Amino acid sequence: MFSKSAKYYDEIYAAMGKDYSAEAEKARGFIQAHKKSDGNRLLDVACGTGIHANSLSRFYQVEGLDLDAKMLAVARRKYPAIRFRRGDMTDFDLKRQFDAITCLFSSIGYVKTKSRLHKAIKNMTRHLSVGGVLLVEPWFAPDQWNVGRVFTMTVDQPDLKIVRMSRSARRGNVSILEFRYLVGTSKGIEHCQEIHELGLFKHEEYLGAFQAAGLKVSHDAEGLDGRGLYIGLKPPSSSTSTVQIAR
């Protein structure tokens, strides 16, 4: 995934204006509005370099989980007080439960297929306490993805210059992003490339995955940053799943 760009990841998204602190505040609002459990433990799945986890640690006892070892290395170096674990969102097993689980910045798209989407939601639900809340920020839907779009962004710091160019493609219901990086430091100029593939899921497929996992699911169209947000509440086992759509 971000194995070649992990050490520059935070600088890239800072230059793009991503406000992790504001998003964490909004996530907290959704959690507190829906959570029924009494505890305060939160797991940030696909935590990346740990900025969301650190921001959320102001309010919760936070742990982080990610599959990318290089991203985790950055997170552990920056936030040594937070416990970060390596694992796949579809099959990790921490043998404990949490009052809130977040999966943000559209990381759910990396599951790629509908069957793995169901596995991931089911596995995260298994780690929720009764009355706990799951927040999932979706990736693009199939009808939202545009092929052949090219974007460029830059980082312009005194000792670090980065140009990142991306181009979008598609294979069936999998979106493909080709990233090319040109990175300049006092040690020289390097070039690297990454290919990212993320599944394109319909709104109904997200709802179906939450319901299949036994969650009461609602959807907020705005979410944390305009991407929308799925909110799942883990009810007592006797309860049935319902759907609420925020207007």
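## Residues with positive phi

In this predicted model, S106 is buried, its relative accessible area being 2%. The residue is placed in the loop that runs between strand 4 (98–103) and helix 5 (114–126). S106 is not a glycine, yet its phi is positive, at about 60°. Most residues other than glycine have a negative phi.

The loop between strand 4 and helix 5 also holds K112. K112 has a positive phi of about 75°, and it is not a glycine either. Its relative accessibility is 31%, so K112 counts as partly exposed, whereas S106 is buried.

## A nonpolar surface patch

V163, L182 and I189 make a nonpolar patch of about 290 Å² on the surface. One of these residues, L182, belongs to strand 8, which covers residues 174–185. L182 counts as partly exposed because its relative accessibility of 44% lies between the limits of 20% and 50%.

## Salt bridges between distant parts of the chain

Side chains of opposite charge can pair when their charged atoms come close. Twelve salt bridges are found in a search of the whole structure. Among them is the pair of K78 and D10, whose closest N and O atoms are 2.5 Å apart. This pair links distant parts of the chain, with K78 in helix 4 (residues 69–78) and D10 in helix 1 (residues 9–15), 68 residues apart. The partners fall into separate accessibility classes: K78 is partly exposed at 35% relative accessibility, while D10 is buried, with a relative accessible area of 14%. The value for D10 is under 20%, and this residue therefore counts as buried.

A salt bridge also joins R171 to E197, with 3.0 Å between the closest N and O atoms. Here too the pair links distant parts of the chain: R171 lies in strand 7 (residues 160–171) and E197 in strand 9 (residues 188–199), 26 residues apart. R171 counts as partly exposed, at 44% relative accessibility.

## A salt-bridge network and a further pair

Salt bridges with shared partners bring E63, R85 and R96 together in one network.

K95 and D93 form a further salt bridge through their side chains, at 3.2 Å from N to O. K95 is exposed, with a relative accessible area of 72%; this value is over 50%, which means that K95 is classed as exposed. Its partner D93 counts as partly exposed, at 39% relative accessibility.

Technical notes: Residues numbered from 1 in each chain as written. Predicted model: local features only at pLDDT ≥ 70, side-chain atom pairs only at ≥ 80, totals over all residues. Heavy atoms only, no water. Helix = DSSP H or I, 4+ residues; strand = E, 2+ residues; numbered from the N terminus. Buried < 20%, exposed > 50% of the residue type's maximum accessible area, 1.4 Å probe, protein only. Patch = residues over 30% accessible without salt bridge, like charges linked within 9 Å, V, L, I, M, F, W, Y side chains within 5 Å. Areas by Shrake-Rupley, 256 points an atom, 1.4 Å probe, with all protein chains shown as cover. Salt bridge = Lys/Arg side-chain N within 4 Å of Asp/Glu carboxyl O.
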